[in-house]
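The following exercises guide a new reader through a protein structure. Each exercise sets a task and then works through its solution step by step.

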Amino acid sequence: MAIRLPSLIMTNAIQTGLLAYGMSGQVFQAPFVAAHPGFALRAVAERTRKQARQHYPDIISYDSVAELLGDTAIELVIVNTPNDTHVALARQALQAGKHVLLEKPVATSVAEVQELWQLARSVNRRIFAYQNRRYDSDFQLVQQVVAGGQLGPLAEATFRFDRYKLALNHKRFKETPALPGSGLLFDLGPHLLDQALSLFGRPARVRRTLGRFRPGSQVDDYFQLQLLYPHGPVVTLVSGLVIAQPLPAYVLHGTLGSFRKTRADVQEAQLLQGLTPLDAAYGLEPASEAGLLTLVAADGQQTQQPLPAPKGDYLQLFEAVYQSLRRGAPYPISEEQLVWQLQALTEPDEHWEMPAN
């Protein structure tokens, strides 16, 4: 079924090309490019299966990345391909004179991040990290709680991304240890790190633990990152693929109380069901998934208050790209933050790896 979104037509829209039309292209990229009036979804690279025109009849389907990069009308290229191709394809797009929106992980080393951003500056183009989980409803509530200061100085913050997926992933690049960016640390680590670093900044030290627990797994399917701050909270980031009963996704403890919140952002599920980002119900969590704020008064009396999450909206990321390209606004995910992220992923101060079962 063709998707026709009621967006405005702008004469100066950012002509955009996708480098793939798998799940990422269909769910996390194309609907937002099509919905935002500042973008025009011009083209996609599809080497074999030609699916994009079923949803976007006017799109150009190129047989290769090279053909798409040769389209002089395209201004922005979205690199949404397997992890181990991100750096090379971003480099090609920049050298072809395109701005780049680059999915996570943006690279697999600090040196690659610095190389890409330096290349972008040298060719007078912009490169943007696609960190959509900053715009999850649950994390936006966490941001509000931290900014509001109701908990007092924070002592501890724990962010979790719990899943139960015992079977190995059919996507080879996620399960092959020889490929850069494989394993759970590079799959979900960038999400949790981006959230933590955006709130608390660069840690003084990082401790990293990796584990393999799924039968036959050759890559990490569990990680714990502990970010230590000299005058801030102890921040623990955890994710695993053998967690059948998820714990609260966000837990904060401060001198005046605590906060907890389940992972309840509905955007991915809604997009998979065909809901568009412009639907009135898009991004709205059920009221039953409200966070819980517990405050302790000076006399020791505790009060509890449910806090509903704001609307989740990945369209905000595309708005940030638009504002940066068309109006020169700073993009919220900085090169410096991405360097910190890759340092935590690849250069921890302490590292321990559990023996595989």
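**Exercise 1. Determine whether Arg121 counts as buried, partly exposed or exposed, and describe its salt bridge.**

Step 1. Arg121 has 47% relative accessibility and therefore counts as partly exposed. The classes are buried (under 20% relative accessible area), exposed (over 50%) and partly exposed in between, with a 1.4 Å probe and protein chains only.

Step 2. The basis of such values should be stated. The model is predicted, so local features need pLDDT of at least 70 and side-chain atom pairs count only at pLDDT 80 or more, while totals for chains, interfaces and linings use all residues. Residues are numbered from 1 along each chain as its sequence is written, and side-chain values use heavy atoms, with hydrogens and water left out.

Step 3. Arg121 forms a salt bridge with Glu335, and the closest N and O atoms are 2.8 Å apart. A salt bridge is a side-chain nitrogen of Lys or Arg within 4 Å of a carboxyl oxygen of Asp or Glu.

Step 4. The two residues are 214 residues apart, with Arg121 in helix H5 (residues 110–122) and Glu335 in helix H11 (residues 335–346), and the pair links distant parts of the chain. Helices (H or I, at least four residues) and strands (E, at least two) are DSSP runs, numbered from the N terminus.

Step 5. Glu335 has 23% relative accessibility and therefore also counts as partly exposed.

**Exercise 2. Count the salt bridges and describe further pairs.**

Step 1. The count comes to 16 salt bridges.

Step 2. One of them joins the side chains of Asp194 and Arg134, at 2.7 Å from N to O. Asp194 lies in helix H8 and Arg134 in the loop between strand E6 (127–130) and helix H6 (137–148), so the pair ties together parts that are 60 residues apart in sequence. Both Asp194 and Arg134 are buried.

Step 3. Arg214 and Asp221 form another salt bridge, with 2.9 Å between the closest N and O atoms. Arg214 and Asp221 are both buried.

Step 4. A network of salt bridges links Lys104, Lys174 and Asp187.

**Exercise 3. Describe strand E4 and the strands with which it pairs.**

Step 1. Strand E4 (residues 76–79) is covered on both faces: Leu76 and Ile78 are buried on one side, and Val77 and Val79 are buried on the other.

Step 2. Strand E1 (residues 14–18) runs parallel to E4 and is joined to it by 3 bridges. Two strands pair if DSSP finds at least two bridges between them. Thr16 has Leu76 in E4 as its bridge partner.

Step 3. E4 also pairs with strand E5 (residues 99–103), in the parallel sense and over 4 bridges. Val77 has Val100 in E5 as its bridge partner.

Step 4. Together, E4, helix H4 (residues 86–95) and E5 make a right-handed β-α-β unit. A crossover is right-handed if, with the strands pointing away from the viewer, the path from the first strand over the helix to the second runs clockwise.

**Exercise 4. Trace the antiparallel pairing that involves strand E11.**

Step 1. E7 and strand E11 (residues 250–254) run antiparallel and are joined by 5 bridges. Thr158 stands opposite Val251 in E11.

Step 2. E11 and strand E12 (residues 257–261) pair in the antiparallel sense, over 5 bridges. Here Leu252 stands opposite Phe259 in E12.

Step 3. The connection from E11 to E12 is a hairpin through 2 residues.

**Exercise 5. Identify the residues with the most contacts in the largest nonpolar core, and those that make a nonpolar surface patch.**

Step 1. The largest nonpolar core has 99 residues, and Leu101 and Phe159 have the most contacts inside it. Helix H8 (residues 184–200) gives the most to this core, with 9 residues. A nonpolar core is a set of buried Ala, Val, Leu, Ile, Met, Phe, Trp, Tyr and Cys residues joined through side-chain atoms within 4.5 Å.

Step 2. Tyr164, Leu166 and Val242 make a nonpolar surface patch of about 260 Å². Patch residues have over 30% relative accessible area and no salt bridge; like charges are joined within 9 Å, and nonpolar side chains (Val, Leu, Ile, Met, Phe, Trp, Tyr) within 5 Å. Accessible areas come from the Shrake-Rupley method with a 1.4 Å probe, and for residues only the protein chains shown count as cover.

Step 3. Leu166 is in the loop between strand E7 (154–162) and helix H7 (172–175), and is partly exposed at a relative accessible area of 37%. Val242 lies in the loop between E10 and E11 and is partly exposed, at 35% relative accessibility.
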